Amino acid sequence: EDNGYPWFNEEKPMDTTIQCEDASAHTQPTLTASDECGEATVTSTSSVVTTACASQYTIMEHWEAEDECDYIISWTRSVTVEDTEGPSLENPPGDTTVECQDEPAPENLGYTDNCDADGSVAPVDTVATSDCPNEYNITRTWTICDCAGLCDTKSQFIQVVDNTPPEFDVPPESTNMTTEE
């Protein structure tokens with residue numbers, strides 16, 4: 001007569017946390033079980049509890065051992081998948097001073113992320129004017145945030161100056177003027 005429950009032969013895995021870039025390599029450990037009066041069969045299942053952020057979720061792993069007399073023991077652990085590394089903007093341009101006719105056009109910057117898709121992001125310009133309409137400062141800022149709320153920001157300072165005197169397109173004609181007295 002079997003009056004006892006089966007037991008797991010291995011140490012039961014405990015709750016754990018892994019990084020999102022390691023999640024694809026994660027496998028559920030195998031557990032076996034024994035029983036004092038016969039065979040014990042282990043079944044394992046897992047399910048994923050998603051969040052709004054695809055790179056952060058929880059894997060619920062469950063094992064159940066049953067002996068020949070229908071005595072059952074079970075164990076569940078959670079594997080928390082998290083994203084703790086933000087995206088990284090690539091190759092931002094350096095600060096510069098330019099003549100007003102040479103103001104650089106805004107360009108998108110590429111970015112990489114360990115868990116979200118790579119891509120590019122457009123800048124946002126903030127302009128500080130001066131008394132001269134052709135002289136001003138631009139702070140060009142690129143910001144990218146992943147779904148975990150981790151961000152990277154890069155800025156470029158552009159000083160726009162007007163050091164070129166005006167020129168005539170066509171030289172003025174010489175005129176003689178006489179005045180009457």
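This text goes through two sheets of the structure and then its cysteines. The model is a predicted one.

Start with the sheet near the beginning of the chain's strand numbering. Four strands, in the order 2-6-5-4, make up an open sheet with mixed pairing. Strand 2 and strand 4 are at its edges, and each has a single partner strand, so one side of each has no neighbour in the sheet. On average, neighbouring strands here are turned by 20 degrees against each other, direction ignored. Strand 2 runs parallel to strand 6 (residues 72–82), and 4 bridges join the two. To find this pairing in the model, look at T17, whose bridge partner in strand 6 is T80.

A further open sheet has the strand order 8-13-12-11, and its pairing is mixed as well. Its edge strands are strand 8 (96–99) and strand 11, each of which pairs on one side only. The twist from one strand to the next averages 25 degrees.

Strand 11 is worth following in detail. Strand 11 and strand 12 (residues 136–145) are antiparallel and pair over 6 bridges. One residue to look for is V127, which has I138 of strand 12 as its bridge partner. Between strand 11 and strand 12 the chain passes through a hairpin of 6 residues. Is strand 11 buried or in the open? Strand 11 covers residues 124–129, and of these 6 residues the number buried is 0, so the strand lies largely in the open. A general point about strands helps when looking at either sheet: in a regular strand, side chains alternate between the two faces of the sheet.

Now turn to the cysteines. A disulfide is a covalent bond between the sulfur atoms of two cysteines. How many disulfides does the structure hold? There are 3 disulfides. Counting the bonded cysteines along the chain, their pattern is 1-3, 2-5, 4-6.

One disulfide is formed by C20 and C115, with sulfur atoms 1.5 Å apart. This pair links distant parts of the chain, 95 residues apart. C20 sits in the loop between strand 2 (16–19) and strand 3 (33–34), while C115 sits in the loop between strand 9 (109–112) and strand 10 (119–121). The link of C20 and C115 is right-handed, with 80 degrees about the S-S bond. The two ends can be described by their accessibility. C20 has 12% relative accessibility and counts as buried, because the cut-off for buried is under 20%. C115, with a relative accessible area of 25%, is partly exposed.

Another disulfide is that of C53 and C147, where the sulfur atoms are 1.9 Å apart. Which parts of the chain does this pair tie together? C53 is in the loop between strand 4 (40–49) and strand 5 (57–67), and C147 is in the loop between strand 12 and strand 13 (151–161), so the pair ties together parts that are 94 residues apart in sequence. The torsion about the S-S bond of C53 and C147 is about 50 degrees, so this disulfide is right-handed. C53 is buried, at a relative accessible area of 7%, whereas C147 counts as partly exposed at 39%.

The disulfide of C145 and C151 has an S to S distance of 1.9 Å. The torsion about the S-S bond of this pair is about 105 degrees, so the disulfide of C145 and C151 is right-handed. C145 counts as partly exposed, at 41% relative accessibility, and C151 counts as partly exposed too, at 44%.

Some cysteines remain outside these links. C69 is in no disulfide, and the nearest cysteine sulfur, which belongs to C37, is 7.2 Å away. C69 is partly exposed, with a relative accessible area of 42%. Why does C132 not bond to the closest cysteine? The closest cysteine sulfur, in C100, is 7.8 Å from the sulfur of C132, which is too far for a bond. At 29% relative accessibility, C132 is partly exposed.

Conventions: Residues are numbered from 1 along each chain as its sequence is written. This is a predicted model: local features need pLDDT of at least 70, side-chain atom pairs count only at pLDDT 80 or more; totals for chains, interfaces and linings use all residues. Side-chain values use heavy atoms; hydrogens and water are left out. Buried means under 20% relative accessible area, exposed over 50%, partly exposed in between (1.4 Å probe, protein chains only). Two strands pair if DSSP finds at least two bridges between them. A disulfide is a pair of cysteine sulfur atoms within 2.5 Å. Axes are lines fitted to C-alpha atoms, for helices over the stretch in contact, and angles run from 0 to 180 degrees between N-to-C directions.
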